[in-house]
Each structure stands twice: as C-alpha cells, then as structure tokens.
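Open the viewer, get your selection tool ready, and follow along one stop at a time. At each stop you will hear what to pick and what to look for.

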Amino acid sequence: QNTEKRLVHRQSLEKLLHDLDPTSMQILVYCYLDRMPQEEIAALLGTSRRTVSTKLKRLRALLEARKS
C-alpha cells in the first residue's frame, strides 16, 4: 500500500509539474535542484526576490494540497 501511495503521489507531482508555467518550473529547478539563492534566481529571471519568494510559497502550498 505504501508503494501504491508513492505512485499516486508521484503521478500527481508529475501532472503538477507538467501544468506549471515556464517561470514557475524554472524557479523550482533553480531552487531545489540547483540550490540557488532566491536573490540569484530573481536576477536570472529579471524579477524581484519577493516575487520569487511568493511564487515558491504558492508552489509549496499547491504541492501540499495535491499531496492530501
């Protein structure tokens, strides 16, 4: 059953990632895969650190909601 739960969670995560806009996907990759600071992400994307922070909070909330 635990394996089944993980599979469902993985499928949900894959769908979420596929549905993201390109900027949100970039922010997630830079933050979690590249472990880049928010200031650096903001500079790369030509936006403010606050915008990056807000997007990350929303994405985390979205992920949590999909987990349940």
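## Stop 1: The start of a helix

Select Asp21 and Thr23: Asp21 caps the N-terminal end of α2, with a side-chain oxygen 3.2 Å from the backbone nitrogen of Thr23. Keep in mind throughout that you are looking at a predicted model.

Leave Asp21 highlighted and add Lys55. The side chains of Asp21 and Lys55 meet in a salt bridge, 4.0 Å from N to O. Asp21 sits in the loop between α1 and α2, while Lys55 belongs to helix α4 (residues 49–67), so the pair ties together parts that are 34 residues apart in sequence. Are these two partners buried, exposed or partly exposed? Asp21 is partly exposed, with a relative accessible area of 34%, and Lys55 is partly exposed too, with 25%.

## Stop 2: Another charged pair

How many salt bridges does the structure hold? There are two. For the one not yet visited, select Lys15 and Asp19, whose side chains meet at 2.8 Å, N to O. Side chains of opposite charge can pair when their charged atoms come close. Trace the backbone between the partners: Lys15 and Asp19 are four residues apart in helix α1 (residues 2–19), which means they are separated by about one helical turn. Lys15 is partly exposed, at 48% relative accessibility, and Asp19 is partly exposed at 46%.

## Stop 3: Along α2

Now colour helix α2, residues 22–33. Try the distance tool on its end C-alpha atoms: they are 16 Å apart, in agreement with the 16 Å that its 12 residues should span at 1.5 Å a residue.

Which residues of α2 are buried? Select Ser24, Ile27, Leu28, Tyr30 and Cys31 to see them. Zoom in on Ser24, which has a relative accessibility of 5% and therefore counts as buried, since the cut-off is under 20%. Leaving aside its neighbours within four places in sequence, Ser24 is in contact with Lys55 and Leu59. You have met Lys55 already, as the salt-bridge partner of Asp21.

Next, step past the end of the helix to Arg35, which follows α2 and lies in the loop between α2 and α3 (38–45). Arg35 has a positive phi of about 50 degrees although it is not a glycine. Show the surface here: at 72% relative accessibility, Arg35 counts as exposed.

## Stop 4: Into the core

Hide the surface and select Leu16, Leu20, Ile27, Leu28, Tyr30, Cys31, Met36, Ile41, Ala42, Val52, Leu56 and Leu59. These 12 residues form the largest nonpolar core. Helices α2, α3 and α4 each supply at least two residues of this core. Which helix gives the largest share? That is α2, with four residues.

Centre the view on Ile41, a member of this core that lies in helix α3. Ile41 is buried, with a relative accessible area of 0%. Leaving aside neighbours within four places in sequence, the residues in contact with Ile41 are Ile27, Tyr30, Cys31, Met36 and Val52.

For a last use of the distance tool, pick the C-alpha atoms of Ile41 and Gln11. These residues are 30 apart along the chain, and their C-alpha atoms are separated by 27 Å.

Definitions and conventions:
Residues are numbered from 1 along each chain as its sequence is written. This is a predicted model: local features need pLDDT of at least 70, side-chain atom pairs count only at pLDDT 80 or more; totals for chains, interfaces and linings use all residues. Side-chain values use heavy atoms; hydrogens and water are left out. Buried means under 20% relative accessible area, exposed over 50%, partly exposed in between (1.4 Å probe, protein chains only). Contact means heavy atoms within 4.5 Å. The expected span of a helix is 1.5 Å times one less than its number of residues. A polar contact is a pair of N or O atoms within 3.5 Å; within protein, one must be able to donate a hydrogen and the other to accept it, and residues adjacent in sequence count only if both atoms are side-chain atoms. A nonpolar core is a set of buried Ala, Val, Leu, Ile, Met, Phe, Trp, Tyr and Cys residues joined through side-chain atoms within 4.5 Å.
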